[in-house]
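User: I would like to work through a structure step by step, with the reasoning spelled out. Could you guide me through it?

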Amino acid sequence: MPLVTMKEILVPARQNKYGVGAFEFWSLDSAQAVVEAAAEQNMPVILQAGKLECDFAGGIKNLSRIAKMVADEASIPVALHLDHAEEYDFILSAIDAGFTSVMIDASAKPYEENVALTQKVVAAAKPAGITVEAELGRLVGNEGNISVDSREAAQTDPADAKRFVEETGIDALAVAIGTVHGFYQFEPKINIERLKAIADVVSIPLVLHGGSGTPDYKVQEAIENGIAKVNICTEFVAAFGKQYTSTQSAEGFKYSIPSLFGPSKEAGKALAASKIKLFSLK
Ligand SMILES: [Zn+2]
């Protein structure tokens, strides 16, 4: 079926307390791995890409073409989302290229500037029927070309979150509740009490970034308490990468396209399938 908006996927998820996986993709085989895994469980899914993936693929339009092609063949709803965009013009190029959802990440800016830039994005996206995700609070770690250390980190304030959603008219809110971008160097302390306080006053779907490596029971607890979208990037990429290494080092390995790339696609699909299953469990 044609690409759908992220809002169409996330509103029922929040209402019915299940989570939807949002996976970073960069190629045809990574997109197929995600969508095939979701289709086998009859769950909706989100393909997302940030600036690095768009550049890697030779431009944002190439990823849009890939996503449309894979979604058209799929039996489940698929949304195409721009992850962590900081530039207004880049967001316009994503809308122009056919993305059905965009994230404006102005969370590094002071509150009022975050509101102003997010409002500008909503004004451009809403008339075109595009979903907007924004972020309030700062996550520790690296994602794409964004790097935040612990001195800059700040968890989302519930009262600010309520005001932010009302002032901007966004469709989904990324919250900082203790997760970290990339793999953890230590056991994260996910602040479920803070999440509950945010979910009490914000009714739109909430988004958990830094989902890679978060303990399963913590992710499920977060989904029970308002998280509708869970971003998975590092673990998905690592599934491909680790498999390339072990495939090539196996005895008797001979190079061919399917013998090298096939197992990695399967490993990526298996990782996506395990996450989709985890997020959909009650
Ligand atoms: Zn993120």
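Analyst: This is a predicted model, and a good place to begin is a pair of strands, since strand β1 (residues 20–24) and β2 run parallel and are joined by three bridges.

User: Which residue in β2 does Glu-24 stand opposite?

Analyst: The pairing of β1 with β2 rests on three bridges in the parallel sense. Within this picture, the residue in β2 that stands opposite Glu-24 is Gln-48.

User: What is the handedness of the β-α-β unit that β1, helix α2 and β2 make?

Analyst: The two strands are parallel, and helix α2, residues 28–40, belongs to the unit together with β1 and β2. The handedness of this β-α-β unit is right-handed.

User: How many bridges pair β2 with strand β3?

Analyst: Strand β3 covers residues 78–85 and pairs with β2 in the parallel sense. One position to look at is Val-45, which stands opposite Val-78 in β3. The number of bridges between β2 and β3 is five.

User: How many of the five residues of β2 are buried?

Analyst: A residue counts as buried if 20 or more other C-beta atoms lie within 10 Å of its own. On one side of β2, Val-45, Leu-47 and Ala-49 are buried, and on the other side Ile-46 and Gln-48 are buried as well. The number of buried residues in β2, which spans residues 45–49, is therefore five.

User: What radius of gyration does the protein have?

Analyst: A compact globule with 282 residues would have a radius of gyration near 19 Å, and the value for the protein agrees with this. That value is 18 Å.

Definitions and conventions: Residues numbered from 1 in each chain as written. Predicted model: local features only at pLDDT ≥ 70, side-chain atom pairs only at ≥ 80, totals over all residues. Buried ≥ 20, exposed ≤ 12 C-beta atoms within 10 Å, placed from the backbone. Helix = DSSP H or I, 4+ residues; strand = E, 2+ residues; numbered from the N terminus. Pairing = 2+ DSSP bridges. Right-handed = clockwise from strand over helix to strand, strands pointing away. Rg over C-alpha atoms; globule rule 2.2 N^0.38 Å.
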